Amino acid sequence: MAAPDFFKPRQLLALGTATAPVLVAAMGVTMIILCRQIDISIGSQFALCSVFIGLAAQKGGGPLELVALAMGVGGVMGAVNGVLVAGVGLPSIVVTLATMATWRESLRWWREGEFVRNLPETFQWFGASQMTGQWLVITAGIMVLGCMVMITQFTAGGRFMYAVGSDPEAARLAGIRPMWVTFSVFVSAGALTGLAAVLNAVRFTDVDPKTGTGLEMQAIAAAVVGGVSVAGGRGRVLGVFAGVLLLACVGPGLVFLNLPAQWERAIQGGIILLAVASDGLGGGRPRRLREQHEEKKRR
Amino acid sequence: MNENHNASTTSQGGWRVWFRAESVLLLLLVLEIGVFSKTGTNFWTRENFFEVLRLSVEMGLLAVAMTPVILTGGIDLSVGSLLGLCAICFGKLWRDAGLSPFAAAFATIGLGLMAGALNGALVTRLRLPPLIVTLGSFSLFRGFAEAITKGVDNFTNFPPSFLFLGQGYIFGVIPAQLPCFVAVAVSFWVLVHRTVIGRELRVLGTSPEGAVYAGLPASSRIQLVYVLSGGVAALSALVYVAHLGQAKADAGTGYELLAITAVVLGGTSICGGKGSVHGTLLGLAVLAVMKNGLTLSDLPGELGGILTGVLLLTVLSGELFMRFLSRRIRLRNRARLA
C-alpha cells in the first residue's frame, strides 16, 4: 500500500474492531452456503438482536447475559428459517427473503425507527477502556474463526456439512440426516449473527435500529471472494477470513490513498466479479481437460 | 435450492387447477379489494385505481423482466442498482453533457442493455452462478452510481415534456407511464407464453443439461434474458426519474428483492422451469393493492412488509402441500385401477 499511515497500530486496531462483527456473521453464512443453502435474512436478524441487547442493557444486563440473549434470539430466528427450509422444504432464498422482510418491518413497526439510548456506562466496550474493548472484540472474532476452522476441518459435524452440501442424497444414504444438519446450521448461523450484533453494538453508545442493512450481501460476498462455492460443499473458512479482510480494507485504503471514498462499493463489486471470474477461468481448463480425459476413457 | 421440479399440473385440469398459485392470488386480490373498500377512505375510486397502477409501474417493469430470468433458473439481483446507475447516467447526460432528454434516454437504455449483457456474459461464458454474478454487479452498479455523483449530486429540474412521462395523464385519466408498461408486459407475455424462445427458456430452467443435449442454443437464450432485464431496468429508471422528478444515487434500493417477491408470489418457481408472466402481474397487484389499502386505511405501512413475508411463505407452503396431496390422490387412483 502506498500510504504508510495505513499500517499504524491504532488504524489497524480500529479496522479490526469494525471488521470483527462482519467476520462472525460471515462465518455463519459460510456454513449455510457450504450446505448449499443461502441466508439473506441475517441483516434483519442482526438489527433485531441489536435492539434486544440494547433494551436488555438498559434493564441492567451484564455482558455475558447480553451475549446469551443475543445468541438465543438469533438462534430462534435461525430456527424459523431452518424449520421452513429443512422441515417444510421451501427454497432457502425465498424463505429468507420473506423472513428478512418480516423481521425488518416488525422491528420498524415496534420501535418506529427510534434509537435505543441512555445505555449504561458499562455497555460500551463491555465497561472496559476503549483499548481493552477493541482487543476484546477482535479476540472474540478470532476465537470464533478458530472454532470454525476446527469444526469444519476436524469434526464430524464439519464433514456432515460438506457432505450435505455436495450431495444431500448421497449424504442421506451414508447415514447422515440432511434435514437435521441443515436445520442446525441455520440455528448456529442465527446464533453467530446474534454474537456479531453484540460485538457491533458495544462499539457505540446507542443502538441504531437500522443497523445491519446490507450485512447479508457483505457476508455472502466475503464468503464468495474467499472461495466458497454457492453450489455447496466446497470452500474453506480461512479463505472467507481473507475475503472479509480484503473487502474491509477497500474503504480505509481509499481514504489513506486520498482517493474519493465513494468508489468503495464499485471497487468491492469489482473484486467480487474478478474473484469469481478468475475462479471460472481457472477452474475451466482443468474441468475441460478432465472431461476430455473421461471422454477418451469411455472410448 | 434444487428440488421439486414441476409435475405437470397444467395438463391435468379438473379441480386441481383451482389450487394453482394464480387462482389463490386472484382470490386474495378480491379479498383485499373487498376489505379495503370498507376500511379505506377513497379506496374504491377511479383516481385511486389509476394511482395504484402508477405507483406499481417501476416495480412492475422490473418484475416482468425478472420472470424469464427466474424461469431459466437464474436470478438478477442487480436490477435495483442498475436502476440507480441508469437514473444517474440519464441525469448526467442530460444536464452535464447537454443532450436532449430523448437522446439521453436512448443512451440510458443502451447502457442498461450493456450492463445486462455483462451479467449474461459472465453467466454464460464463465459458467458462474447467476446469484454470485449479479451480487457482484449489484455492488458494482450501485458503486458506480455513488462514484459518479460523489454521493451527494442530485439531478432535478427536468423539462416538463419529460416529466409528463411520469406525472402526466393521457385523456386526463390514464397515467402516462401506463401504456409503456402495458406494452412491455404484453411483449414479455408473448415472448414467454407464445414463442419457441419462451418454451426454450422453460426447458433451460427444468433441465439445463437436457436442453443442451436437445440442441438448444442455451448460451444465447440465457444471454437474452439478462440483456432484456438490463434494458427494462433502464426503462424503469427513466419512468422513476420522470415520476419523482429527481435522480439520486440511491434510486431503486431494495427494488430487486421486491421484484423477486412479486415474481415468486405469482407462482414462478425459484428453481426455474415453471411460472408465468400473468402470475407475476397478479403477484404485483396483490402487493400494490395491499400497500395502497393499508395506507388509506390508516394502518401502519410496516404491516405491509410483514404481510408480504407471511404471504410469500403461506402461498408457497400451500402450493407444496397441494402438490403433495395431488400426488397422494393420483397414487390412490392408480392403486384402485390396478
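A residue counts as partly exposed when the number of other C-beta atoms within 10 Å of its own falls between the two cut-offs, 12 or fewer for exposed and 20 or more for buried. Keep that in mind for B:Leu131, which has 19 such neighbours and is therefore partly exposed. One caution before going on: this is a predicted model.

B:Leu131 sits in helix H6 of chain B, which covers residues 130-149. Setting aside neighbours within four places in sequence, B:Leu131 touches B:Ile75 in its own chain and A:Val230 across in chain A. If you want a sense of distance, try B:Met290: the two C-alpha atoms are 29 Å apart, with these positions 159 residues apart along the chain.

That contact with A:Val230 leads on to how the chains meet. On the chain B side, 42 residues are in contact with 43 residues of chain A. H6, helix H12 (255-265) and helix H14 (302-337) are the elements of chain B that each give two or more residues to this side. Which of them gives the most? It's H6(B), with 14 residues. Sorted by class, the chain B side has 26 nonpolar, 10 polar and six charged residues.

H14(B) is worth following across to chain A. Helix H4 of chain A (residues 92-111) packs against H14(B) with the axes 7 Å apart and an angle of about 155 degrees between them. Angles over 145 degrees count as roughly antiparallel, so that's the label for H4(A) and H14(B). H4(A) passes H14(B) in a left-handed crossing. From H4(A), the contact draws on residues including A:Val94, A:Ala98, A:Arg104, A:Glu105 and A:Trp109, while H14(B) supplies, among them, B:Glu302, B:Leu303, B:Gly309, B:Leu313 and B:Leu316. Count up the classes and this contact has 11 nonpolar, six polar and four charged residues.

Now into chain A, starting from H1 (residues 9-34). Take its pairing with H9(A), residues 215-225: the axes are 8 Å apart and the angle is about 65 degrees. Since 65 to 115 degrees counts as roughly perpendicular, H1(A) and H9(A) are roughly perpendicular to each other. H1(A) passes H9(A) in a right-handed crossing. On H1(A) the contact is made by A:Val22, A:Ala25, A:Ala26, A:Val29, A:Thr30 and A:Ile33, and on H9(A) by A:Leu215, A:Gln218, A:Ala219, A:Ile220, A:Ala222 and A:Ala223. There are no charged residues in that contact, just 10 nonpolar and two polar.

H1(A) has another partner in H5(A), residues 130-154. Here the axes are 8 Å apart and the angle is about 35 degrees, and H1(A) passes H5(A) in a left-handed crossing. The residues involved include A:Leu13, A:Gly16, A:Ala20 and A:Met27 from H1(A), with A:Gln134, A:Ile138, A:Gly141 and A:Met148 among those from H5(A). Again no charged residues turn up: the classes are 11 nonpolar and four polar.

Two of the H1(A) residues that touch H9(A), A:Ala25 and A:Ala26, show up again in the largest nonpolar core. This core has 193 residues, and those with the most contacts inside it are A:Ala25, A:Ala26, A:Val224, B:Leu62, B:Cys86, B:Phe90 and B:Ala259. The largest share, 16 residues, comes from helix H11 (residues 218-244) of chain B. Look around B:Cys86, leaving aside neighbours within four places in sequence, and you'll find contacts with B:Thr108, B:Leu111, B:Gly112, B:Ala233, B:Ala234 and B:Ala237.

Just ahead of H11(B), in the loop that follows helix H10 (208-213), is B:Pro217. With 14 other C-beta atoms within 10 Å, B:Pro217 is partly exposed. Its C-alpha atom is 9.8 Å from that of B:Leu204, 13 residues away along the chain.

Finally, a look at backbone angles. Most residues other than glycine have a negative phi. A:Arg36, with phi near 65 degrees, goes the other way. A:Arg36 lies in the loop between H1 and helix H2 (42-58) of chain A, and is buried because 23 other C-beta atoms lie within 10 Å. B:Asn157 also has a positive phi, about 60 degrees. Is B:Asn157 buried or exposed? It's exposed, with 8 other C-beta atoms within 10 Å, in the loop between H6 and helix H7 (160-167) of chain B.

Methods. Residues numbered from 1 in each chain as written. Chains lettered and ligands numbered in written order. Predicted model: local features only at pLDDT ≥ 70, side-chain atom pairs only at ≥ 80, totals over all residues. Core = buried A, V, L, I, M, F, W, Y, C linked by C-beta atoms within 7 Å. Helix = DSSP H or I, 4+ residues; strand = E, 2+ residues; numbered from the N terminus. Contact = placed C-beta atoms within 7 Å. Nonpolar A, V, L, I, M, F, W, Y, C, P; charged D, E, K, R; others polar. Axes fitted to C-alpha atoms, helices over the stretch in contact; angles between N-to-C directions. Parallel < 35°, antiparallel > 145°, perpendicular 65-115°, else oblique. Left-handed = near helix turned anticlockwise from the far one by under 90°.
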